[in-house]
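Here's a walk through one model, with the cut-offs spelled out along the way. Load it up and follow along.

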Amino acid sequence: MQSRDGGYSTERSTPPLRWMVLVASIWIQAFSANPYNFYSLTVKRVLNINQFQLNLLAVIKDFGEYAGILARILFNKLPPWSLLSIGALFAFLGYGSIWLVASEKFTSAPYVMMLVAIFIGPNSASWFNTAVLVTCMRNFSHSRGLVAGFLKGFVGLSSAIYTLIFTSFLNYDSLGLLLFLAIGPPIVSLISMNFVRPINSQDMRNEEEELSKFIFVDILCIALALYLLVATILEAWVTFQSKLVPGVLTGVMILFLVVPAFVPLSHYLEWSSAQQREAAIAESLRQPLRGQRSSRKRRYRRALQMRSRLPDIDEGDEEAFFLALAEGAITEKKGSHPHRGEDFKLRQALVKADFWLLFLVFFCGVGPGIVTLNNLAQIGEAYGITDVTTHVSFLSVFNFLGRLGAGFVSEHYVRSHALLRSVWMGIAQAVMISANLLFAYGTKSLLGLAAAIMGFCFGIQFSIMVPTASELFGLKHFGVIYNFINMSIPLVSLCFSALLAGIIYDWKAGPGNVCEGRVCFQLTFLVLTGVCVIGFLLSLILSYRIRPVYKTLYPGHSQEVHEKTNISSNQSAEASSAA
């Protein structure tokens, strides 16, 4: 097949594996979460610690989960399967050690052991996330928002998947869940890692067909999210007599996860059929040809017309330019500093105001969500709710919908209207204020609504931050830059979860380090309301500053408006002349 640069592309000579990479990455992300709320109360009881000490464990957990500097540095030096292998090892060692402490099989300095183990286990997620996210962002460089929405979305949905496993398959056994975390994710990673690899594909002519595949997987993912929500509610509210029901519920969930594999399978069958046609054409052209040279040319043209589609030939420089932009913006000139949209190194990005604005906007946006995730079991306990599995499911499913929806919606509007992605981060933080107020002043019956709003707005922050960082600072060193911004999450956990929420909770707690009533977290969420206001204002400043970048990266809307203006002006001039 003729390529844009006049050579021949390898797209047709190798199987189309990009979608298989994405599906395998979805499987890995679907089991990469850390369902901390389901075993935090067990840890608190076994170790006999207060809320501040428990939240300190949560801070260490968040540092482990999001401190992936080493993984990001090694990504450009090692193949993805090696990072996935390291992640599988960390999951096995970390969660296995947590299980030993929680089951009281390890009694020598258990709190110190827990501090180490709760860093190592969740740290596996940073290795999984780096391997699949950066690989897929490069494989689908022209659909960054969609890919980020999928992969970050399944991290959010992972908690709902574990909720169903915890309630149906494990029958609310927190120790069994820890054992599953030590075995399940490593097995999924080891099975899927052979598919996760960089694919050099620059064929963008089937963009509409690719979008239809994204929409198909989108629908499947939303159906899975709704199924998990309904199944969890049924498990919590209905007592099933048959022991087969939990197995059936889990089996249907696994079936939902397997179905997306049909997308790359159908793509492979199409590619195989095209290969067979081209092989037949090539074989026919090798046979001796009779007749004049003109007759030979006619038969050759007829053979070419048998192809499913002819290659595009006269493609202008403009398309090549936008392809270069999609592959990571503009190449950096030697001896000059990169500009917005070009490939930045971390040290170059650290001196840019836009980088720190994005960092702070993300910091403010994830703050309330991290506090809720780390303390949901205690929030429910304060309101008199002993089983928070339904609330965890609400938080997880809407977290997924926020991540998935933000990726899809931002990708649409940035291409059709050049609407800045950072605008959505500000809108989400404005809406998040309502969730903070519901947690601060709400009632027991409103906790589900508060968790849903919080999860949705929390998820939006991730799906917007990822492509925004890649568009401002390029894809070449994206792994390190993305990880540095992600380090805001453990800082949030330390400031707002351990120091703010933990200290206030212990201050209000009664006997047995247990606090009851809305006063336990009321002041915490009022402070977080102010944090969201600050984040909203910072998002407006960031959006104003980076407008030129998006006019350069996505000029289609501006050109369309300019053309419509010219047409309107010409029509007015013609009307005036006619008059």
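What follows goes from the overall build to rings, charges, the core, a few single residues and the empty space.

## Ground rules

This is a predicted model, so to speak plainly about the filters: local features need pLDDT of at least 70, side-chain atom pairs count only at pLDDT 80 or more, and totals for chains, interfaces and linings use all residues. Residues are numbered from 1 along each chain as its sequence is written, and side-chain values use heavy atoms, with hydrogens and water left out.

## Overall build

The protein chain has 23 helices and zero strands. Helices (H or I, at least four residues) and strands (E, at least two) are DSSP runs, numbered from the N terminus. Of the 579 residues in the chain, 53% are buried. Buried means under 20% relative accessible area, exposed means over 50%, and partly exposed is in between (1.4 Å probe, protein chains only).

Contact here means heavy atoms within 4.5 Å. Take the contacts between residues at least 6 apart in sequence: 84% of them join residues at least 24 apart.

## Aromatic pairs

Rings of Phe, Tyr and Trp (its six-membered ring) pair if their centres lie within 6.5 Å; planes under 30 degrees apart are stacked, over 60 edge-to-face, and the rest tilted. That rule gives 23 aromatic pairs. One of them is W19 with F140, edge-to-face at 5.5 Å centre to centre and 80 degrees between the planes. The pair links distant parts of the chain: W19 is in helix α1 (residues 18–30), while F140 is in the loop between α6 (110–139) and α7 (144–169), 121 residues away. W19 is buried because its relative accessible area is 2%, and F140 is buried too, at 0%.

How are the rings of F359 and F484 arranged? Their centres are 6.1 Å apart and their planes are at 50 degrees, so the pair counts as tilted. This pair also links distant parts of the chain, with F359 in helix α15 (residues 353–382) and F484 in helix α19 (residues 478–486), 125 residues apart. F359 is buried at 8% relative accessibility, whereas F484 is partly exposed at 23%. Both belong to one aromatic cluster with F344, F355, W356 and F473.

The helix that holds F484 is itself well wrapped: eight of the nine residues of α19 are buried, so it is largely enclosed by the rest of the structure. The buried ones are F478, G479, V480, I481, Y482, N483, I485 and N486.

## Charges over rings

A charge sits over a ring if NZ of Lys or CZ of Arg is within 6 Å of the ring centre and within 35 degrees of the ring normal. R403 lies over the face of F462, 4.1 Å from the ring centre. The charged end of K508 sits over the ring of W507, at 4.1 Å from its centre.

## The nonpolar core

A nonpolar core is a set of buried Ala, Val, Leu, Ile, Met, Phe, Trp, Tyr and Cys residues joined through side-chain atoms within 4.5 Å. The largest one has 156 residues, and those with the most contacts inside it are L22, L57, F154, L157, L228 and F525. Setting aside residues up to four places away in sequence, L228 touches L157, A160, I161, L164, M253 and S393.

## Two serines and a glycine

S539 is in helix α21 (residues 522–545) and is buried at 2% relative accessibility. Beyond its neighbours within four places in sequence, S539 is in contact with V361, S422 and G426. S470, in helix α18 (residues 447–473), is buried at 1%. With the same kind of neighbours left aside, that is, those within four places in sequence, S470 is in contact with M137, R144, L475 and F478.

G176 is in helix α8 (residues 174–192) and is buried at 17%. G176 and Y39 are 137 residues apart in sequence and 10.0 Å apart in space, C-alpha to C-alpha.

## Empty space inside

On a 1 Å grid over the protein atoms alone, a cavity is a set of points where a 1.4 Å probe fits but cannot get out; lining residues have an atom within 4 Å of a point. Grid points are joined across faces, edges and corners, and a volume is the space filled by probe spheres set on the points. There are seven cavities of 30 Å³ or more.

The largest cavity has a volume of about 320 Å³. Its lining has 22 residues, of which A33, N34, E65, S159 and L373 lie nearest its centre. The elements giving two or more residues to that lining are α2 (37–47), α3 (51–66), α7, α15 and α16 (389–416). α16 gives the most, with five residues.

Technical notes
On a 1 Å grid over the protein atoms alone, a cavity is a set of points where a 1.4 Å probe fits but cannot get out, and a pocket is an open set with protein on both sides within 12 Å along at least five of seven lines; lining residues have an atom within 4 Å of a point.
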